[in-house]
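Q: Please take a close look at a single part of this model, one charged residue and the partners around it, and describe its surroundings in a connected way.

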Amino acid sequence: FNFIFNKEIFQKENIYKIGRTERGHSKRVSQYPKNSIVFNIIKVPDSKKYENEIKKIFKKKFIQRKDIGTEDFEANIASIRKEIYKIVKRLDKTYK
């Protein structure tokens, strides 16, 4: 699974974390601050590959907030969602 969420402490800002897990997504997401908001959860065949590609593209298109973490990006959620769907659609073709 790959997911996007906004941590409670950044809800007034356009800062979103890109994450992945190989275990159940609900267990992973529950480890984040209580009022964090999950925007997307996408089941993919290879979460590491997808996450690496997402981060590579995001570093070029959005502001990476290294002061927060390597998976945190500043942009509006519509742009982030649009880009993730493009990446997933492209990568999904390699698995068919």
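A: Glutamate 83 and lysine 86 both belong to helix H3, where three residues, about one turn of the helix, separate them. In this predicted model, the two form a salt bridge whose closest N and O atoms are 3.6 Å apart. The partners differ in exposure, since glutamate 83 has 9% relative accessibility and falls under the 20% limit for buried residues, whereas lysine 86 is partly exposed, with a relative accessible area of 44%.

Glutamate 83 also forms a salt bridge with lysine 61, with the closest N and O atoms 3.5 Å apart. This pair links distant parts of the chain, as glutamate 83 lies in helix H3 and lysine 61 in helix H2, 22 residues apart. Lysine 61, at 48% relative accessibility, counts as partly exposed.

Leaving aside residues up to four places away in sequence, glutamate 83 touches Ile57, Phe58, Lys61 and Phe62. Phe58 and Phe62 are also among the residues with the most contacts inside the largest nonpolar core, which has 17 residues. Strand S2 (15-20), helix H2 (47-61) and H3 each supply at least two residues of this core, and the largest share, six residues, comes from H3.

Of the nine salt bridges in the structure, another joins the side chains of arginine 20 and glutamate 51, at 3.5 Å from N to O. Arginine 20 lies in strand S2 and glutamate 51 in helix H2, so this pair ties together parts that are 31 residues apart in sequence. Here glutamate 51 counts as buried at 6% relative accessibility, while arginine 20, at 23%, counts as partly exposed.

Terms used:
Residues numbered from 1 in each chain as written. Predicted model: local features only at pLDDT ≥ 70, side-chain atom pairs only at ≥ 80, totals over all residues. Heavy atoms only, no water. Buried < 20%, exposed > 50% of the residue type's maximum accessible area, 1.4 Å probe, protein only. Contact = heavy atoms within 4.5 Å. Core = buried A, V, L, I, M, F, W, Y, C linked by side-chain atoms within 4.5 Å. Helix = DSSP H or I, 4+ residues; strand = E, 2+ residues; numbered from the N terminus. Salt bridge = Lys/Arg side-chain N within 4 Å of Asp/Glu carboxyl O.
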